[in-house]
Every structure is written in C-alpha cells, then in structure tokens.
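Dear colleague,

Please find below the structure that I am handing over to you, followed by a short account of what was found in it. Kindly keep the structure open while you read.

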Amino acid sequence: MPVETANSPVSDARRAAPGPAVARSSTPSTGLSERRIVCMVVRQLTAELLGVVGDRAEVRRARRRASCHVRQISMYVCHVALSMPYGEIAEAFGVDRTTVSHACHVVEDRRDDAGFDTFVSTVERLAEAVCMVAGRQA
C-alpha cells in the first residue's frame, strides 16, 4: 500500500475533489426558494383564514398553540394538496422531516371533526388555486 505524503497526487486529488456540501451549494437554489415561497404562502393563507395574524388580545400560550396549528396545517396541505415530499417541506419550514410527518399525522387525525375537515379542505383548495394561478403544477 502506497504511503501518502502531503505532496502526493492522491492527497491533492482528495483535497481538490468537491465534497457533497460543495456540490450541493454550487447547484442553483431556485428550486428551494420556490418551494419555500410556496410553503410560506400556504402558511400565511392558513393563518389569515384562522384569524391568527395580528390578534394581540390573545394570551401568549394560546397564540403559540394557534401558531403551531397553523404550521401543522400548512405542512399537511403542502404534502397532501401540493404533493411535496416531507424532505422539501422540512427544508422550507426549517424543521426535520419527522416533524413534518408528525404534523401530517396530527392533522389527519383531527379531520374526523367536520368543522376542522371543512377548514382544511378550504385551505387545500385555495392553495391549489394559488399555485395554479402562479403557474406551478399542484
């Protein structure tokens, strides 16, 4: 087995070869930013429909809970209505993909309630319509 030195061609090639992080950062980030925009639009749409945004009269804990519900519903809608994989949604929201999976399960379990199901269906239809108008295939 050859011994590597600091000036050997093998070690130079290893140092010059781009690793996965370099290759990932050199790819265009337009796809991620588009997904992030779509997710944030769905999140804002959900928040507006719930009436959470700008309501300062709520107790801090209630506001935090409502914010979590908005995020969970938004992740669910992105996955179910817009057919985005967990990994892409996780990157867009800045969370782990298991968090997205948990959010989808929580929302799916709550859809037994007729009022909640109607609300989520409305968000799904609006998100699909917004994406269709923006030229993105839902």
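On the surface, Ile-37, Val-41 and Val-130 form a nonpolar patch of about 230 Å². Please note that this is a predicted model. Ile-37 belongs to helix H3, which spans residues 30-50. Ile-37 counts as exposed because its relative accessibility is 54%, and the cut-off for that term is over 50%.

The interior may be considered next. The largest nonpolar core has 26 residues, and those that touch the most other members are Ile-73, Val-77, Cys-78, Leu-82, Met-84, Ile-89 and Val-120. At least two residues of this core come from each of H3, helix H4 (60-80), H5, helix H6 (97-110) and helix H7 (114-133). The most is given by H7, which contributes 6 residues. In general, nonpolar side chains in soluble globular proteins tend to be buried together.

Which residues does Ile-73 touch, not counting residues up to four places away in sequence? The contacts of Ile-73 are Thr-46, Val-107, Phe-116, Phe-119 and Val-120.

Finally, I would draw your attention to helix H5, which covers residues 86-93. Its buried residues are Ile-89, Ala-90, Ala-92 and Phe-93. These lie on the same side of H5, because the arc they cover around the axis is only 165 degrees. As background, an α-helix has 3.6 residues a turn, so residues three or four places apart point the same way. Just after H5 comes Gly-94, with a positive phi of about 75 degrees.

Yours sincerely

Conventions: Residues numbered from 1 in each chain as written. Predicted model: local features only at pLDDT ≥ 70, side-chain atom pairs only at ≥ 80, totals over all residues. Heavy atoms only, no water. Patch = residues over 30% accessible without salt bridge, like charges linked within 9 Å, V, L, I, M, F, W, Y side chains within 5 Å. Areas by Shrake-Rupley, 256 points an atom, 1.4 Å probe, with all protein chains shown as cover. Salt bridge = Lys/Arg side-chain N within 4 Å of Asp/Glu carboxyl O. Helix = DSSP H or I, 4+ residues; strand = E, 2+ residues; numbered from the N terminus. Buried < 20%, exposed > 50% of the residue type's maximum accessible area, 1.4 Å probe, protein only. Arc of directions from axis to C-beta. Core = buried A, V, L, I, M, F, W, Y, C linked by side-chain atoms within 4.5 Å. Contact = heavy atoms within 4.5 Å.
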